[in-house]
Amino acid sequence: MSAGRVATDAAPVWEAVIGLEIHVQLNTRTKMFCGCEVTFGEPPNTHVCPVCLGHPGVLPVTNEKAIEYATRIGLALGCRIAERTIFHRKNYFYPDLPKAYQISQYDLPLGIGGHLDVELDDGSDLRVGITRVHLEEDAGKLVHAGGASGRIDGADYSLVDFNRGGTPLVEIVSEPDIATPDQARAFLTQLRSLVQQLGVSDVNMEEGSMRCDANVSVRRPGEPLGTKTELKNMNSFRFLHRALEVEIERQIDALESGERIIQETVHFDPATGLVSSLRSKEEAHDYRYFPEPDLTPVELDEAYVERVRAGLPELPAGRRERLIGQYGLPSKDAALLAANKPLGDYFEAVAAATGDARLSANWVMGDVSAHLNAAGLEVTQCAVSAGSLAELLGLVRDGTLSGKMAKEVFETMIATGKNARGIVADKGLGQMSDAGELDAIVARIVEANPGPAEEFRQGRDRVLGFFVGQVMKETRGQANPQMVNDLLRRHLAAHGN
Amino acid sequence: MTADTGSAGYALDVRCLTAHQCRELLTSGDVSASELTRAYLDRIAAVDGSVQSYLLVDEAGAMAAAEAVDAKPRSERLPWEGVPIGLKDIFCVKGMETTCASRILKGYVPPYDATIIAKLRAAGLVFLGKLNMDEFAMGSSTENSAFKITRNPWDLERVPGGSSGGSAACVAAGEAPWALGTDTGGSIRQPASLCGVVGLKPTYGVVSRYGLVAFASSLDQIGPVTRNVGDAAALLDIIAGRDPRDSTSIGLPEPVGQPDRGDLEGLRFGVIKEFVGDACEPGVRDVFDSSVDAIGALGGVCEEVSLPSVERGIAAYYLIAPSEASSNLARFDGVRYGHRTSHSEDLYEMYTRTRSEGFGPEVKRRIMIGTYALSAGYYDAYYAQAQRTRTLIIQDFERAFGRFDFLISPTSPTVAFKIGERTADPLAMYLSDLCTIPVNLAALPGISIPAGFSAGLPVGLQIIGPHFSERGLLGAAHAVERKLEVDLVPPLAEAAR
Amino acid sequence: MISRQEVEHVARLARLHFDEEELAQLQPELDQIIDYVHQLAELDLSGLEATSHAVALKNVLRPDEPVAGLTQAEATGNGPDVERGQFVVPRIG
């Protein structure tokens, strides 16, 4: 991001205003308005029927599960769920749209007026408003052929596969409360996590089950909103971040050169790092929305909404509070564990088994997470189960292993798949905690080093480290450090007058 | 009845057979299903050169179906098995070309059956073929067919009415014992009136629209075209019913059964003042007045009633119907089925040429009106205002049904007009539907029965009932029909064989 | 009342093309029809709801259960131009 260009505390020059529009593909068994199965990666036009192909005479029928899933999303985002919601037709011509209209929602959407509290990288919170949540059907898939890039420009012709057509989508529209690409990424990450926890979508950006468009404008602080452009179909977090950076920069450059921003759709090319206009010879769409005459209104009473609400899993915000309260975790740790449900589950299992939340959190946030990141794994794929980790931590707590030793054992557990006790037994790693044995060793070393002993008694506390080092060398690092410390102080104090 | 007993060598005269009579011939064994179907195919061959009611005659398919019926012992057959029927070319019949009388669907073979088609198959009816219509049901004369002009069997220089002109002419000419049509603004009732047969438009939602190529979704209904009210009742019971594939379908509260009402004692009939005014031809008015007398003679009480808002019906209809149609017909884009232009440089050109080549002038006109009425800036003044007018009309009818059991009027203000007489003036054509359109807007059931003749041309009586009153409506219609005893056989010469 | 420009704009929205001759006939026809339907504008219907469905239904839904669809051959059987199981359309750009 260009320093000094976007608002900083020191010298605000321009500020960006970003609103995001996210499409989430629901993982219902069947499509939004017909009984075809929702699939991915199947041979073209093998999961279609006259309805989702838009044949003459066909009619849509609404999937009740899609209504439920959309209600879950609306509730999780704190929206008010409409008592009466209807579908509208959005009319336009495009080859992936078989009826030449998309059944969507217009002025009576399923949910309105929610918010998502986003934890930013610096630990502060940003409340991003959610304007609306609504249902619609997905279009088919277009592949452009004959050109070099596989994109529309330069293609000779295109091929259409309608397997995806008709899949239920929930559209989530945020208020333009986002100010930077970092905030946008944080919002999208946490929204994704929330939707994932609801169990209603795979929210996989690479596969297209979550898609993101952005509306971006810039203005000098205090001035009215600038003209916005639309960035469409950003298919990864990195892409989103980079595209926003580039578009914000482009707009600032343009305005500073005295140009005007044109309201249009722009495309970001990751290969060139440039943004270009997507305007074709077609004019701006006039969607001619009108209520869908083939469908009935959907009226959701309080009993229904409460039933859906009761069925919601614990959501990140609630879990975060509970982790703080129940386990005394610091806010940042609690937020991280709440945002990643499987990791949070893992932590709580370990904490329950060991009875030591602090120790468990340190390990889960530390060694376990480091390992997962390095190996590119999700915690559900971790070689060390919660139970196995708990066993290892038990050996730390009962003094069998030092913290340092435990880390080595952990690495061995990952490498070999063996459990902690087995490894300790194999390698004879038990931390020496036999007081009698240690006492003898400490005594011997103090005897053998009168000089440093005297220095210690004169007040040079640092000399203790020398003695600790000697004991550790003698015991090949397996002595219980706390015990060593106590014994040394006793012997050093006792020695002498 | 002029049927000979069936045995090889004797031609069966089907000119005035009702469906019930066909059924009796079959169940008594007097005639085989093959002989009956053969007789109708022969009749078609003899007169359709003049009448031109069929777009497609499925001789092989019909005979095969009839032979299959004959192969079953009579005791195992369903009640209507083996009775032939004609189908307006607007229903999707799996494996049979369905064109809606449009070039844009020439060659389209549906991969599925409409729900009503499936019901007819299940009942064992024999499909004779597909009947001519105004293109996409848009018209009042069947002159808008892309393929041929159907002629009124009572005067071959005149129109049969529309859009179900093929269905009405076919039944009037004895080319099928009964047929199915569709009614959006009068398209069953008006041709029935002009051809001297019975035509019923059920309450919206009684018959499933799944597989009916949509014209105006909130107005379209499927209904019987028959030689008498009893046949209409029987066919209605076969096709009616709630369909899970049609969200707007409701079905009948109970089967209507066979009407057997002898008189009209205790029933009050409201004469719709706005439909018997100046627009009504004097000859039509005379026949209507005789019907009123007949109702009185049967013990019914007739009184004039004013429904002022119905005068706005045509205007409201010609906003709502084209708007919905403009959206319903957008799927005809040359991508997945039907006509595609042979030469285009790009997608936009392909769409535009395909649709311009494929649609006739009336269809294009209505698409233009509808697109305009829905477009940005016009929606509220046109489409929304028309839907509010609809509410007004519904209220007027509700008020009237508070005082009357049924409402009556001439079905059409005129008798059949000459071919070509109104084609130069679209608006004049629209005014043919003055008496029928408001019934669709209010979703009410309405029937036209032959009431007499004016200058040798048929005049129909329209009876309208409250929602879901089909049973009582058909009962009343039956009583009037018996009293009026109208001759149904046109003086149609057979072609030399 | 409907200008030539509006007619052309609406035709584009509807993906229809009219040549000069057709436009010369179409514009007055549309004008006449729009003029006729415009009469509704003089009605004061501000107190009324718009009716989408005269017979009011609500909550017609279906269960999330699969229903057999079409084979690829059936799905593409009516296609004017099909390649490798997909519908071909000309260059979009």
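A salt bridge is counted here when a side-chain nitrogen of Lys or Arg lies within 4 Å of a carboxyl oxygen of Asp or Glu. This is a predicted model, in which local features need pLDDT of at least 70, side-chain atom pairs count only at pLDDT 80 or more, and totals for chains, interfaces and linings use all residues. Residues are numbered from 1 along each chain as its sequence is written, chains are lettered from A and ligands numbered from 1 in the order in which they are written, and side-chain values use heavy atoms, with hydrogens and water left out.

**View 1. Salt bridges and polar contacts between chain A and chain C.** The rule finds 2 salt bridges across the interface of chain A and chain C. One of them joins A:Glu299 to C:Lys58, with the closest N and O atoms 3.3 Å apart. Between chain A and chain C, 24 residue pairs are in polar contact, both residues being at pLDDT 80 or more. A polar contact is a pair of N or O atoms within 3.5 Å; within protein, one must be able to donate a hydrogen and the other to accept it, and residues adjacent in sequence count only if both atoms are side-chain atoms. Elements of chain A that each supply at least two residues of the side touching chain C include helix H1 (64–76), strand E10 (157–161) and strand E17 (298–299). Helices (H or I, at least four residues) and strands (E, at least two) are DSSP runs, numbered from the N terminus. E10(A) gives the most to that side, with 5 residues. The residues of the side of chain A that touches chain C divide into 27 nonpolar, 11 polar and 14 charged. In this division Ala, Val, Leu, Ile, Met, Phe, Trp, Tyr, Cys and Pro count as nonpolar, Asp, Glu, Lys and Arg as charged, and the others, Gly among them, as polar.

**View 2. Extent of the interface of chain A and chain C.** In contact (heavy atoms within 4.5 Å) are 52 residues of chain A and 36 residues of chain C. The two chains bury about 3500 Å² between them, 56% of it on carbon and sulfur atoms. Buried area is the accessible area (1.4 Å probe) that two parts lose on being put together, summed over both.

**View 3. Strands shared by chain A and chain C.** E2(A) and strand E1 (residues 61–62) of chain C run parallel and are joined by 2 bridges. Two strands pair if DSSP finds at least two bridges between them. A:Thr62 stands opposite C:Leu61 in E1(C). An open sheet of 4 strands, with antiparallel pairing, has the order E9(A)-E10(A)-E3(C)-E2(C). E9 of chain A and strand E2 (82–83) of chain C stand at the edges, each with a single partner strand, so one side of each has no neighbour in the sheet. E9(A) and E10(A) run antiparallel and are joined by 5 bridges. A:Val143 has A:Leu159 in E10(A) as its bridge partner.

**View 4. Strands E3, E7 and E8 of chain A.** Strand E3 (residues 80–81) and strand E7 (residues 111–119) of chain A pair in the antiparallel sense over 2 bridges. A:Ile112 in E7(A) is the bridge partner of A:Arg80. E7(A) also pairs with strand E8 (residues 125–137) of chain A, in the antiparallel sense over 8 bridges. Here the bridge partner of A:Ile112 is A:Arg132 in E8(A). The hairpin of E7(A) and E8(A) has 5 residues between the strands, and A:Gly123 takes a positive phi near 90 degrees in this hairpin.

**View 5. The interface of chain B and chain C.** Here 68 residues of chain B are in contact with 53 residues of chain C. Chain B and chain C bury about 5100 Å² between them, 67% of it on carbon and sulfur atoms. B:Arg312, B:Met368 and B:Tyr372 lose the most area to chain C in chain B, together 13% of what that side buries. The rule finds 2 salt bridges across this interface. In one of these, B:Arg365 meets C:Glu29, the closest N and O atoms being 2.6 Å apart. There are also 16 residue pairs in polar contact, both at pLDDT 80 or more. Helix H9 (313–328), helix H11 (361–374) and helix H12 (380–403) are among the elements of chain B that give two or more residues to the side touching chain C. H12(B) gives the most, with 12 residues.
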